[in-house]
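Here are a few exercises to work through with the structure open beside you. Try each one before reading its solution.

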Amino acid sequence: MTTTTDQPSGPSRNEAGARAWLREHSELGVGLLLLVLGVLVLTDALTMNVDITQRGPVGPKTVPVVVGIGLLVVAVLLTLDVLRGGRGEAEGGEDIDLAEPSDWRTVLLLAGVFLGNAVLIGPLGFPISGALLFWGSAYALGSRHYDRDPLIAAGLSLVTYVLFNNLLGVPLPGGPLMGVL
């Protein structure tokens, strides 16, 4: 007597079981991402060339090393929690409508704005590229105040430039406005 079952047999059953296990433990991907980022940050920090005159009690390597170690610690703790059965909160608790599709237009606009800033910061300098970044981000996220948004973006960019360049000592490219600022 032969019976048929809906269960796959052999290697396909093992693959289905592996996929189910990975689906139940998908947070391990976040742990892996954090681990990779931590290793990258630590590698960059520890191979950074620092001039002896730039060092003080807290050198330029300190923050990246602390961030890298923090990323590694969080990656290990998250992985251990997931392997012990911990689960992230379901998205039902979020203040979003799960029935709505993703807003790819906004995502692509923001990605374009950030990429444009990365390309333009060298030739135009931070004050101009930063203003374009802030205004473009506001536009991508839905603001349509064409009279006030560019002014706020320009002011935010100039304040950011002055804070980083003059107060914190982090040189940002000034571009054509270098002589004016």
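A residue is called buried when its relative accessible area is under 20%, exposed when over 50%, and partly exposed in between. Keep in mind that this is a predicted model.

**Exercise 1. Get an overview of the chain: work out its elements, its buried share and its contacts.**

Step 1: start with the elements. The protein chain has 6 helices and 0 strands, so reading along the sequence gives α-α-α-α-α-α.

Step 2: apply the cut-off above. Of the 181 residues in the protein chain, 19% are buried.

Step 3: look at the contacts with a separation of 6 or more. Residues 24 or more positions apart make up 56% of them.

**Exercise 2. Decide where to trust the coordinates: which element has the lowest mean pLDDT, and which the highest?**

Step 1: take the chain as a whole. The average pLDDT of the protein chain is 85, and 83% of the residues score at least 70.

Step 2: go element by element. Helix 1 (residues 11–24) sits at the bottom with a mean of 73, while helix 5 (residues 126–140) comes out highest at 96.

Step 3: keep the usual caution in hand. Where pLDDT is low, predicted coordinates shouldn't be read in detail.

**Exercise 3. Describe how helix 2 and helix 3 pack: what is their crossing angle, and what is its class?**

Step 1: find the geometry. The axes of helix 2 (residues 27–46) and helix 3 (residues 62–83) come within 8 Å and cross at roughly 160 degrees.

Step 2: classify the angle. Anything over 145 degrees counts as roughly antiparallel, so helix 2 and helix 3 are roughly antiparallel to each other.

Step 3: add the hand and the chemistry. The crossing of helix 2 and helix 3 is left-handed, and their contact has 20 nonpolar, 4 polar and 1 charged residues.

**Exercise 4. Now do the same for helix 5 and helix 6, and list the residues that meet.**

Step 1: the geometry again. Helix 5 and helix 6 (residues 149–167) pack at about 135 degrees, with axes 8 Å apart. That angle makes helix 5 oblique to helix 6.

Step 2: the hand. Helix 5 passes helix 6 in a right-handed crossing.

Step 3: the residues. On the helix 5 side you'll find Phe126, Pro127, Gly130, Ala131, Phe134, Trp135 and Ala138; across from them in helix 6 are Asp149, Pro150, Ala153, Ala154, Leu156, Ser157, Leu158, Thr160 and Tyr161. By class, the contact of helix 5 with helix 6 splits into 12 nonpolar, 3 polar and 1 charged.

**Exercise 5. Place three residues: are Glu27, Pro60 and Thr62 buried, partly exposed or exposed?**

Step 1: Glu27. You'll find Glu27 in helix 2, and its relative accessibility of 18% makes it buried. Beyond its neighbours within four places in sequence, Glu27 is in contact with Leu78, Val82, Arg87 and Gly88.

Step 2: Pro60. This one lies in the loop between helix 2 and helix 3. Pro60 has 37% relative accessibility, so it counts as partly exposed. Its C-alpha atom is 8.7 Å from that of Met48, 12 residues apart along the chain.

Step 3: Thr62. Here we're in helix 3, and at 33% relative accessibility Thr62 is partly exposed. The C-alpha atoms of Thr62 and Leu46 are separated by 9.6 Å, with their positions 16 residues apart along the chain.

Definitions and conventions:
Residues numbered from 1 in each chain as written. Predicted model: local features only at pLDDT ≥ 70, side-chain atom pairs only at ≥ 80, totals over all residues. Heavy atoms only, no water. Axes fitted to C-alpha atoms, helices over the stretch in contact; angles between N-to-C directions. Helix = DSSP H or I, 4+ residues; strand = E, 2+ residues; numbered from the N terminus. Parallel < 35°, antiparallel > 145°, perpendicular 65-115°, else oblique. Left-handed = near helix turned anticlockwise from the far one by under 90°. Nonpolar A, V, L, I, M, F, W, Y, C, P; charged D, E, K, R; others polar. pLDDT = per-residue confidence, 0-100. Buried < 20%, exposed > 50% of the residue type's maximum accessible area, 1.4 Å probe, protein only. Contact = heavy atoms within 4.5 Å.
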